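Open the model in your viewer and keep the selection panel at hand. The stops below are meant to be taken in order.

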Amino acid sequence: QLDALTAGLCTPLKGYVKGFPSPERLHPFERALLELTLSDKKYRTTIEQVDTLRKGLLGVGKGFSAQVTKTSGIKDAEAVREQGFKEVEAFYRRSSRHVDDLKSIAQLLRRLPVAELETPTVALVGAPNVGKSSLVRVLSSGQPEVCNYPFTTKGIKMGHFFIDDERHIVTDTPGLLARDDIDRNKIEMLTIATLEHLPTCVIFVTDLSGLSGTSIDDQLKLREEIYKTFAHRRPWIDVFSKCALVPVLGGTHEKDMETLWGEEEIAEANRAIAAIPKAMSTSADEQLGIAELKDALATLLGEHKQSLPASRDDYTREKDDRPEYIHML
């Protein structure tokens, strides 16, 4: 009976521990999500604490089982067995919070959106409120879904489209500010993780309308930083959004917006156009430049297709000594 109780507790705990992969076995994007959601240290420590509980229970149970076999009578055996039951139960109760912590971690990780780690992804990147979500909507074949992450209250829009019957993901990303990575918050680091670890084509969105809340100069600084970091290994398209509201892009403005466009603002917008001469002018609500953007995107993705990982086989040890990654819970 004492052995059965010990096994009844230890066997599930062993299964719990084995069910959580070590961070090294996760795909780099999922490991980045783990760090943003929970922290690598908390994840490891909780698993270790549950395993320590399992080993301790096993030791207590086996110890009392050994004492039972050494008793000379039934009454003595029953007394030792009852004491063993109490000690095993007390030992479990003292550390049962670690099991609860592990269950909470499992629930938290299961709420993370499932990343399609090898599906080519088009990520719209830029400062906050520059029109990324609107472009996701017009580039998607259907209604984009909203993905929510535990470390932010902002939903991330994600859609899909097809090129030659091949499915591609198109997603907006949390807005970035022009600052060093060390100063970024968790939601900004989700964007960096997307660019760093997923097979991504970048559409960098710059808003010249003056309505995003981020100055054009700051947007240019941000673009320069992201371009230097990723453009050499990620396909890249520059886009000016909301062009219908930008006179220097051929747009018109309403009476109540005339104060936004003085000589200084026009000069600033012209500097951006000169700095990014190949940027495509678009306006999602008016469908301006959208057909041209889709064509350019299809061409770029076609050229880049061979450099994107086609399957999980591209992540095996034989390829480049990286571990064979397994999915999070």
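The tour goes from a strand to its neighbours, then to a group of rings, the nonpolar cores and two loops.

Keep in mind throughout that this is a predicted model.

**Stop 1: strand E5**

Select residues 200–207, which make up strand E5. Is this strand enclosed or open to the outside? Eight of the eight residues of E5 are buried, so the rest of the structure largely encloses the strand.

Now show the side chains. In a regular strand they alternate between the two faces of the sheet. Here Thr-200, Val-202, Phe-204 and Thr-206 point one way, while Cys-201, Ile-203, Val-205 and Asp-207 point the other way. The residues on both sides of E5 are buried.

**Stop 2: the neighbours of E5**

Add residues 121–126, strand E1, which runs parallel to E5 and is joined to it by six bridges. To find the register, look for Val-122, which stands opposite Cys-201.

Then add strand E6, residues 236–241. E6 is also parallel to E5, with six bridges between them. Ile-203 has Ile-237 as its bridge partner in E6.

Select residues 216–230 as well to bring in helix H7. Together E5, H7 and E6 make a right-handed β-α-β unit.

**Stop 3: the ring cluster**

Hide the backbone and show Phe-204, Tyr-227 and Trp-236, which ring pairs link into a cluster. The structure holds three aromatic pairs. One of them is Phe-204 with Trp-236, a stacked pair with 5.8 Å centre to centre and 10 degrees between the planes. This pair links distant parts of the chain, since Phe-204 lies in E5 and Trp-236 in E6, 32 residues apart.

How are the rings of Tyr-227 and Trp-236 arranged? Their centres are 5.0 Å apart and their planes stand at 80 degrees; an angle over 60 counts as edge-to-face, so this pair is edge-to-face.

Colour the three residues by accessibility. Phe-204 is buried at a relative accessible area of 1%, and Trp-236 is buried at 15%. Tyr-227 is partly exposed, at 38%. Add Arg-223 to the view: it lies over the face of Tyr-227, 4.7 Å from the ring centre.

**Stop 4: the nonpolar cores**

Select Phe-20, Phe-29, Tyr-43, Tyr-149 and Leu-190, the residues with the most contacts inside the largest nonpolar core, a set of 39 residues. Helices H1 (2–18), H2 (28–37), H3 (40–70), H4 (74–110) and H6 (186–197) each supply at least two residues of this core. Which element gives the largest share? H4 does, with 10 residues.

A second core, separate from the one above, has 35 residues. Select Leu-139, Val-202, Ala-231 and Trp-236, which are among them. Two of these names have come up before: Val-202 in E5 and Trp-236 in the ring cluster.

**Stop 5: two loop residues with positive phi**

Go to the loop between strand E3 (156–163) and strand E4 (166–172), and pick Asp-165. Phi of Asp-165 is near 70 degrees, a positive value in a residue other than glycine. Asp-165 is exposed, with 77% relative accessibility.

Finish at Gln-287, in the loop between strand E7 (280–281) and helix H9 (290–304). Gln-287 is not glycine either, and its phi is positive, near 65 degrees. With a relative accessible area of 47%, Gln-287 is partly exposed.

Definitions and conventions:
Residues are numbered from 1 along each chain as its sequence is written. Side-chain values use heavy atoms; hydrogens and water are left out. Rings of Phe, Tyr and Trp (its six-membered ring) pair if their centres lie within 6.5 Å; planes under 30 degrees apart count as stacked, over 60 as edge-to-face and the rest as tilted. Helices (H or I, at least four residues) and strands (E, at least two) are DSSP runs, numbered from the N terminus. Buried means under 20% relative accessible area, exposed over 50%, partly exposed in between (1.4 Å probe, protein chains only). A charge sits over a ring if NZ of Lys or CZ of Arg is within 6 Å of the ring centre and within 35 degrees of the ring normal. A nonpolar core is a set of buried Ala, Val, Leu, Ile, Met, Phe, Trp, Tyr and Cys residues joined through side-chain atoms within 4.5 Å. Two strands pair if DSSP finds at least two bridges between them. A crossover is right-handed if, with the strands pointing away from the viewer, the path from the first strand over the helix to the second runs clockwise.
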